Amino acid sequence: MTIVLPSLPQMTQDLGTRYEVMQFMVSGFLAATAVMHLVIGPISDRYGRRIVTLVGFAMFAVASVGCALAQSVEILLAFRMLQCTAAIGMVLSRAIVRDLYAQDQAASMIGYVTMGMALTPMIAPSIGGLLDQAFGWRSVFVFTTIASMAVLMLCLFDLGETTRDGGVSFLKQARDYPELLSSRRFWGYAFASAFASGAFFAFLGGAPYVASTIYGLSPFWTGMCLGAPAIGYAVGNYLSGRLSVRLGVNRMIRNGAIITASGLGIAVMLTVLGLDSPYVFFGFGPLIGVGNGMVIPNGSAGMLSVRPHLAGSASGIGGAFMIGGGAALSVFAGILIQDSTSSAPLLAMMLTSVLLGIASIQYVSWRERQLDSAGP
C-alpha cells in the first residue's frame with residue numbers, strides 16, 4: 001500500500017501522464033482492495049483461511065512481476081489493481097485471530113498482531129524512496145515480488161487451518177447475512193473504523209504531493225516522512241494489546257480517535273496561523289498513527305464479535321467499507337491538494353473525517369446501553 005508512494009512523481013514523469021492519473025496507484029488500489037474484501041470473507045468462511053491465503057499471495061507475486069515490467073501507465077495500473085489480492089493478509093489475519101479468541105481478548109491479540117504489521121508501513125516508504133533513488137521505481141516492484149514469495153513460503157509451511165466444522169456453506173451465509181447487515185452495532189463499528197482511519201487514507205492520497213511539490217522533498221526524505229504515522233501506529237497497537245481487555249473496545253476506539261483529532265486540530269491551527277512546514281504537517285503524523293493503532297484493532301474486534309459465526313464475512317464487509325471509504329478519501333485528497341500551495345485543506349479534511357468517527361462510536365455506545373436496558 002505505501003511502498004510506491006515516494007515513486008509516484010517519478011512514475012508520472014517517466015510514463016508521461018498527470019499526477020492525478022498516477023495517484024490511482026493509491027486510490028484505485030484501495031478501491032480494488034475494498035472489492036477484494038467482499039470476496040475474500042465469504043470464500044474463506046466456506047473453504048477455509050489457509051487455501052485462500054496461499055492463492056492470494058501467489059497472485060500478488062505475479063502482479064508484482066507485471067508492475068515491474070510494465071511499459072505503459074495502463075498496463076502498470078492494471079497489474080497494480082491485481083495486487084489488491086494482498087487484502088487477504090488484512091482480512092484473514094483478523095478472522096484467524098477471531099476464530100481463536102473472544103471479543104476483548106481478540107482485540108488485544110489483534111493489537112499485538114497489527115503492531116508487527118505496523119513495521120511494514122513504517123519502513124516501506126523509506127525502502128521505496130531509497131530503491132527509487134538508487135535503482136529507479138521498477139526496483140520497488142522487484143522488492144515486492146521477493147517479499148511476497150517469502151510470505152507465501154512462510155504461510156505454506158507454518159499456517160494451519162482455523163475454520164471449524166468444515167466451513168459455512170454459501171447458502172447458509174446468504175441466509176445469515178440479513179442478521180449481520182441489519183445490526184446497527186455492526187454498522188456503527190464499521191463507520192467508526194472507516195471515519196477514524198480515514199485521516200490516514202487521506203494522508204496517503206495527498207501527502208506525496210505535499211512532500212514533493214509543496215515542500216520540495218527528495219524521494220528518500222518523502223519516504224521517510226510518509227512513514228511518520230506508522231511509528232505512532234505501532235505504539236497504538238501496543239496500547240491496544242495492553243489495555244483492550246481492561247477498558248473494552250468502545251473506550252479504546254473513542255480514546256484513539258480523540259488522540260488523532262487533537263493532533264490534527266493543533267496542526268490545522270498552526271498551519272492557518274502561517275506556520276505551514278514539513279515539521280508541522282509530518283510532525284503530528286505519529287499521533288494519527290497512535291489513534292489508528294487503537295481504533296483499527298478494536299473496531300475490527302467489535303465488527304467480528306457482533307456475529308462471531310460470520311467472522312470472515314464480517315471482516316470482509318467491514319474491511320471493504322473501511323478501505324472503500326479510504327479510497328474515496330484518497331481520491332478526494334489528491335484532487336483537493338492538486339495545485340494547492342498549502343497543506344491546510346488536506347489537514348482540515350482529515351480532521352473532519354476523525355470527528356465523524358468519534359460521533360459513530362458514540363452511537364455504538366448509546367445503542368449498547370439501549371440494548372442493555374431492554375433486557376433479555
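Colleague: How many cavities of 30 Å³ or more does the structure hold, and what makes a space a cavity?

Modeller: The structure holds two of that size. On a 1 Å grid over the protein atoms alone, a cavity is a set of points where a 1.4 Å probe fits but cannot get out. The model is predicted: local features need pLDDT of at least 70 and side-chain atom pairs 80 or more, while totals for chains, interfaces and linings use all residues. Residues are numbered from 1 along each chain as its sequence is written, and side-chain values use heavy atoms, without hydrogens and water.

Colleague: What volume does the largest cavity have, and what makes a residue part of a lining?

Modeller: The largest cavity has about 50 Å³, counted as the space filled by probe spheres set on grid points joined across faces, edges and corners. A lining residue has an atom within 4 Å of a point; among those of the largest cavity are Arg94, Ser193 and Met322.

Colleague: Why is H6 called mostly covered?

Modeller: Buried means under 20% relative accessible area with a 1.4 Å probe, protein chains only. In H6, eleven of the 14 residues are buried, including Ile88, Arg94 and Asp99.

Colleague: How do you know that the span of helix H6 agrees with its number of residues?

Modeller: A helix is a DSSP run of H or I, at least four residues, numbered from the N terminus. Its expected span is 1.5 Å times one less than its number of residues. For the 14 residues of H6 (residues 87-100) that gives 20 Å, and the end C-alpha atoms are 21 Å apart, so the two agree.

Technical notes
1 Å grid on protein atoms, 1.4 Å probe; cavity = no way out; pocket = protein on both sides within 12 Å on 5 of 7 lines; lining within 4 Å. Helix = DSSP H or I, 4+ residues; strand = E, 2+ residues; numbered from the N terminus. Buried < 20%, exposed > 50% of the residue type's maximum accessible area, 1.4 Å probe, protein only.
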